[in-house]
Amino acid sequence: MKVLLTGATGYIGSAVTDHLVAAGHQVVALTRGAEPRPGRGWHAQSIGDTADPASLAGAVTADIEAVIHLAPPSGDADTDTAVIEALIAPLRGTGRPFVYTSGVWVLGATGEAQEVDEEAPTNPIGIVGYRPRIERQVLAEAAEGVRAVVVRPGIVYGRGGGIPAILVDRARRQEVPEYYGAEGVRWPMVHVDDLAELFVAAAERAEAGTVWHGVGESAVA
Ligand SMILES: NC(=O)c1ccc[n+]([C@@H]2O[C@H](COP(=O)([O-])OP(=O)(O)OC[C@H]3O[C@@H](n4cnc5c(N)ncnc54)[C@H](OP(=O)(O)O)[C@@H]3O)[C@@H](O)[C@H]2O)c1
């Protein structure tokens with residue numbers, strides 16, 4: 001498939017690029033600048049800025065067979081709603097996949113519950129407050145002939161990056177580890193290459209209107 005990938009230069013996007021290419025797909029990377037970035041395995045670059053939904057109007061050309069949207073939310077719900085509309089409208093009636101990246105933080109603190117699944121109600125923490133609304137906007141497109149899918153990664157680690165690497169680096173420099181919230185808090189986590197495999201699988205064969213938790217280890221201290 002020819003896959004339009006937003007966030008292709010990022011931490012998760014770099015791994016997703018590698019796994020898409022290894023699976024025989026072509027990556028069209030949506031980047032903010034026109035500056036060429038050789039050596040990333042991309043088939044082509046497309047220019048657009050998710051802070052400016054109008055700039056995405058021509059991004060999903062007729063030859064794009066799948067869209068994986070990894071660029072982070074802007075912080076403004078109306079802007080993000082318009083971004084989804086711009087990227088998904090050309091896919092209506094085609095049955096082609098649109099994979100939206102959310103995150104397990106839409107579930108909030110799950111308290112004493114040992115594990116929650118994709119059926120659990122959302123209870124988002126502040127910084128992802130409106131993301132469940134965007135998830136619903138995406139999933140509703142299943143009724144419009146789009147193979148609309150939501151992936152919710154846990155906290156991503158591996159390849160020397162992600163939030164865990166930042167925390168380890170801080171601990172090394174301070175010579176003392178930190179924890180966030182309370183000492184008993186556990187985070188669901190996932191290796192970036194396992195997550196990238198999930199994105200490829202979601203684009204290739206997830207059913208329309210489904211949500212997937214991208215978690216490898218469900219409760220890491
Ligand atoms: N990392 C995690 O633990 C984690 C966990 C759960 C969910 N997520 C979600 O996964 C997604 C990707 O996360 P990440 O960790 O890979 O982030 P990241 O490393 O910060 O990468 C962000 C990517 O988005 C692009 N981008 C940022 N603003 C943009 C804009 N205005 N227009 C177009 N592209 C833009 C960046 O491009 P530039 O090269 O131009 O900066 C970069 O390619 C996000 O939606 C994040 O919320 C991440």
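Two strands pair if DSSP finds at least two bridges between them. Hold on to that for the first stop. One caution before we start: this is a predicted model.

Start with β4 and β5. Strand β4 covers residues 66-69, strand β5 covers residues 97-101, and three bridges join them. The two run parallel. Three bridges meet the cut-off of at least two, so β4 and β5 count as a pair. Look at Ile68: the residue opposite, in β5, is Val99.

Now widen the view. What is the strand order in the open sheet of seven strands? Reading across, it goes β3-β2-β1-β4-β5-β6-β9. The pairing is parallel. At the edges stand β3, residues 44-47, and β9, residues 210-214. Each of these two pairs on one side only. From one strand to the next, the twist averages 20 degrees.

Helices next. Helix α1, residues 11-22, packs on this sheet. The strands α1 touches are β1, β2 and β4. Against β1, the direction of α1 makes about 175 degrees. Helix α5 packs on the sheet as well, touching β4, β5, β6 and β9. Against β6, residues 147-153, α5 makes about 165 degrees.

Let me stop on one residue of α1. Thr17 sits in that helix. Is Thr17 buried or exposed? The relative accessible area is 2%, so Thr17 is buried. Beyond its neighbours within four places in sequence, Thr17 is in contact with Leu5, Ala8, Val27, Arg40 and Trp42. Its side chain also has a polar atom 2.8 Å from the backbone oxygen of Gly13. And there is a link across the chain. Thr17 and Ala196 are 179 residues apart in sequence, yet their C-alpha atoms are separated by 8.1 Å.

Ala196 takes us to α5. Ala196 is one of the buried residues of that helix. The others on that list are Val192, Asp193, Leu195, Phe199, Val200, Ala201, Ala202 and Ala203. What about the length of α5? Its 14 residues should span 20 Å at 1.5 Å a residue, and the end C-alpha atoms are 20 Å apart, so the two agree.

On to the second sheet. This one is open, with three strands in the order β7-β8-β10 and mixed pairing. Why do β7 and β10 each have one side without a neighbour in the sheet? They stand at the edges, β7 at 155-157 and β10 at 217-220, and each has a single partner strand, so one side is left free of a neighbour. Neighbouring strands here are turned by 45 degrees against each other on average, direction ignored. Strand β8, residues 187-191, is joined to β10 by two bridges, and that pair runs antiparallel. Within it, Met189 has Glu217 of β10 as its bridge partner. Helix α5, residues 192-205, packs on this sheet too, touching β7 and β8. Its direction makes about 80 degrees with that of β8.

Two backbone points around α4. Arg159 lies in the loop between β7 and α4. Its phi is near 55 degrees, positive in a residue other than glycine. Arg159 is at 45% relative accessibility, so it counts as partly exposed. Then α4 itself: 13 residues, reaching 19 Å from first C-alpha to last, close to the 18 Å expected. Just after α4 comes Glu175, with a positive phi of about 60 degrees. Glu175 belongs to the loop between α4 and β8. At 73% relative accessibility, it counts as exposed.

Last, the ligand. Which residues come nearest to the ligand? Of the 23 around it, they are Thr9, Tyr11, Arg32, Asp49 and Thr50. A polar side-chain atom of Thr9 is 2.4 Å from a ligand oxygen. For Arg32, a polar side-chain atom lies 2.8 Å from an oxygen atom of the ligand. Ile12 uses its backbone: a polar atom there is 2.9 Å from a ligand oxygen.

One more residue to close. Thr31 lies in strand β2, residues 26-31. It is at 3% relative accessibility and therefore counts as buried. Its side chain reaches the backbone oxygen of Gly33 at 2.9 Å. Leaving aside neighbours within four places in sequence, Thr31 is in contact with Thr9, Trp42, Gln45, Ser46, Ile47 and Gly48. So Thr9 turns up twice: it is among the contacts of Thr31, and it is among the residues nearest the ligand.

Technical notes. Residues are numbered from 1 along each chain as its sequence is written. This is a predicted model: local features need pLDDT of at least 70, side-chain atom pairs count only at pLDDT 80 or more; totals for chains, interfaces and linings use all residues. Side-chain values use heavy atoms; hydrogens and water are left out. Helices (H or I, at least four residues) and strands (E, at least two) are DSSP runs, numbered from the N terminus. Axes are lines fitted to C-alpha atoms, for helices over the stretch in contact, and angles run from 0 to 180 degrees between N-to-C directions. Contact means heavy atoms within 4.5 Å. Buried means under 20% relative accessible area, exposed over 50%, partly exposed in between (1.4 Å probe, protein chains only). The expected span of a helix is 1.5 Å times one less than its number of residues. A residue is near a molecule or strand if one of its heavy atoms lies within 4 Å of it. A polar contact is a pair of N or O atoms within 3.5 Å; within protein, one must be able to donate a hydrogen and the other to accept it, and residues adjacent in sequence count only if both atoms are side-chain atoms.
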